[in-house]
Amino acid sequence: MKTLLTAGALALSLITLAITPSAAMEYKAGDITITNPWARATPGQPRNGGAYLMIKGGATDDQLTGAETPVSKKAAIHGHSNENGVMKMREVHGLDVPAGEMVMLKPGGYHVMLMKLKHALKKGGSFPLTLHFAKAGDVTVDVRIMGVGAMNAETKSGHGGHGDHNTHGKMKKH
Ligand SMILES: [Cu+2]
């Protein structure tokens with residue numbers, strides 16, 4: 001009976017995924033899941049950019065040890081530290097991805113720093129980014145380029161001003 005229920009729940013979630021207009025982009029490195037990689041468009045002649053994504057840990061603890069992409073000379077995992085009241089970015093040489101836990105790379109937090117971009121990142125485009133995990137190995141994800149001020153990978157008003165309806169896929173908080 002329990003198995004049946006689980007199978008039913010799985011089938012249901014698969015249906016939900018299939019009918020969600022902008023299904024989350026998911027990638028796997030072993031049993032680690034990477035969801036919705038995105039970057040901010042860079043205006044003008046940019047030097048650096050940032051890429052963000054969500055990582056869900058697998059069955060064992062792992063670490064994100066680095067990244068690389070053809071769009072920049074170097075890519076590094078960055079975090080922030082508070083030094084005498086000044087927020088500074090610093091390179092993280094191994095970002096912990098604990099088993100089963102979510103690790104968010106987002107604006108103002110951990111991010112993949114794209115140093116010395118070879119060209120501007122244009123909204124609506126995408127580029128490949130290879131992530132290195134200590135145990136799970138490498139995975140190459142497709143990073144979607146969102147607007148300059150974007151805070152996440154949600155496409156606001158892809159069809160002209162109906163941004164408010166674009167919260168699909170999110171749980172309602174009630
Ligand atoms: Cu940085």
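Leaving aside neighbours within four places in sequence, which residues is I55 in contact with? The close-ups below, all taken from a predicted model, start with that residue.

**View 1. I55 and its partners in the largest nonpolar core.** Beyond its neighbours within four places in sequence, I55 is in contact with I32, T33, I34, L64, V97, E101, M102, V103, L105 and F133. The core itself has 31 residues, and I55 is among those with the most contacts inside it, together with I34, L129, L131 and F133.

**View 2. Another core, of five residues, lying apart from the largest one.** Among its members are W38, Y52, A150 and A153. W38 counts as buried, at 4% relative accessibility, and Y52 is buried too, with a relative accessible area of 8%.

**View 3. The aromatic pair of W38 and Y52.** A search of the whole structure turns up one such pair. The ring centres of W38 and Y52 are 4.8 Å apart and the planes meet at 40 degrees, so the pair is tilted. Here W38 sits in strand β2 (residues 32–40) and Y52 in strand β3 (residues 48–56); the pair links distant parts of the chain, 14 residues apart.

**View 4. The copper ion and its four donor atoms.** Coordination comes from H78 (ND1), M89 (SD), H111 (NE2) and M113 (SD), at 2.1 to 2.3 Å. The donor atoms subtend angles of 90 to 122 degrees around the copper ion, which makes the arrangement tetrahedral. Along the chain, the donors follow the spacing H-x10-M-x21-H-x1-M. H78 belongs to strand β5 (residues 72–83) and M113 to strand β9 (residues 111–117), so this pair ties together parts that are 35 residues apart in sequence. Both H78 and M113 are buried.

Definitions and conventions. Residues numbered from 1 in each chain as written. Predicted model: local features only at pLDDT ≥ 70, side-chain atom pairs only at ≥ 80, totals over all residues. Heavy atoms only, no water. Core = buried A, V, L, I, M, F, W, Y, C linked by side-chain atoms within 4.5 Å. Buried < 20%, exposed > 50% of the residue type's maximum accessible area, 1.4 Å probe, protein only. Contact = heavy atoms within 4.5 Å. Phe/Tyr/Trp six-rings, centres within 6.5 Å; stacked < 30°, edge-to-face > 60°. Helix = DSSP H or I, 4+ residues; strand = E, 2+ residues; numbered from the N terminus. Donors = N, O, S within 2.8 Å, 3.2 Å for Na, K, Ca; no water. Tetrahedral: all angles 85-135°; square planar, octahedral: opposite > 155°, others 65-115°.
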